[in-house]
Amino acid sequence: MKRVLTFGTYDVFHVGHINLLQRAAALGDELIVGVSSDALNFSKKGRYPIYSEQDRMKIINSLRYVNLCFREESLEKKAEYLKYYKADVLVMGDDWKGKFDEFRDICEVVYLERTPSVSTTQLIEVITTSRSE
Ligand code: C2G
């Protein structure tokens, strides 16, 4: 049994998120997803996500290749989460390349290529611009 764990906000859920989660799931038998809390996002980015943490977790939980989803409360707790959920592999998009290498003593760390030309930030910009036109 190989357990894969990944972290993310998954705000304004889009195909880039799907592509990442599908490829992460294919690396093992079980996929566990840590969804960052609203408070964590506020402390990280200075704004709250568009979708609440309840809704973001509901979306992630409803995907058939996600086995379990939990709320990520703190960026500093990554090692704790990896051990608690007995992860064999940590998967992150390559925008995080090198940033999680310190966890190689706990599990395998894999960075997957991001899907080009789609991002939550860009979607928010498009929606905001078209609303004000
Ligand atoms: N992603 C992707 N392609 C995109 C956009 C996102 O592959 N076009 C991936 C990211 O690399 C990430 C995952 O989808 O692995 C979730 O993306 P975000 O919600 O933007 O995650 P982020 O805010 O980077 O949160 O502690 C780490 C954070 O929780 C990661």
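In the predicted model, Ser36 is buried, with a relative accessible area of 0%. This serine belongs to strand S2, which spans residues 30-36. The side chain of Ser36 is engaged in a polar contact with the side chain of Asn41, at a distance of 3.1 Å. Ser36 is classed as buried because its relative accessible area of 0% falls under the limit of 20% used for that class.

The surroundings of the ligand were examined next. A shell of 20 residues surrounds the ligand, and the closest of these are Tyr10, Lys78, Asp95, Thr115 and Val118. Sorted by class, the shell comprises seven nonpolar, seven polar and six charged residues. Three side chains may be described through their polar atoms. In Lys78, a polar side-chain atom is found 2.5 Å from an oxygen atom of the ligand. For Thr9, an N or O atom of the side chain is 2.8 Å from an oxygen atom of the ligand. In Lys45, the corresponding distance from a polar side-chain atom to a ligand oxygen atom is 3.2 Å. On its own, the ligand has 640 Å² of accessible area, of which 94% is covered by the protein.

The space that the ligand takes up is the largest pocket. Two or more residues of the shell come from each of the following elements: strand S1 (3-8), helix H1 (15-25), helix H2 (38-45) and strand S4 (89-93). Of the elements, H1 makes the greatest contribution to the shell, giving three residues.

Tyr10, one of the closest residues to the ligand, is placed in the loop between S1 and H1. With a relative accessibility of 6%, Tyr10 is counted as buried, because values under 20% define that class. The backbone of this tyrosine is also noteworthy in its phi angle, which is near 55° and therefore positive in a residue other than glycine. A general rule gives the background: most residues other than glycine have a negative phi.

A positive phi is likewise present in Ser117, where the angle is near 65° although the residue is not glycine. Ser117 is located in the loop that lies between strand S5 (108-112) and helix H5 (120-132). Its relative accessible area is 72%, and Ser117 is exposed, because the exposed class begins over 50%.

Strand S5 also contains Glu108. At 42% relative accessibility, Glu108 counts as partly exposed, because this value lies between the limits of 20% and 50%. Glu108 and Val4 are separated by 104 residues in sequence, while their C-alpha atoms are 9.3 Å apart in space.

Gly46 is situated in the loop between H2 and helix H3 (53-61). This glycine counts as exposed, with a relative accessibility of 53%. Along the chain, Gly46 and Arg71 are 25 residues apart, and a distance of 19 Å separates their C-alpha atoms.

How values were computed
Residues numbered from 1 in each chain as written. Predicted model: local features only at pLDDT ≥ 70, side-chain atom pairs only at ≥ 80, totals over all residues. Heavy atoms only, no water. Near = heavy atom within 4 Å. Polar contact = N/O pair within 3.5 Å; in protein donor to acceptor, adjacent residues only side chain to side chain. Areas by Shrake-Rupley, 256 points an atom, 1.4 Å probe, with all protein chains shown as cover. 1 Å grid on protein atoms, 1.4 Å probe; cavity = no way out; pocket = protein on both sides within 12 Å on 5 of 7 lines; lining within 4 Å. Sits in = over half its atoms within 2 Å of the grid points. Helix = DSSP H or I, 4+ residues; strand = E, 2+ residues; numbered from the N terminus. Nonpolar A, V, L, I, M, F, W, Y, C, P; charged D, E, K, R; others polar. Buried < 20%, exposed > 50% of the residue type's maximum accessible area, 1.4 Å probe, protein only.
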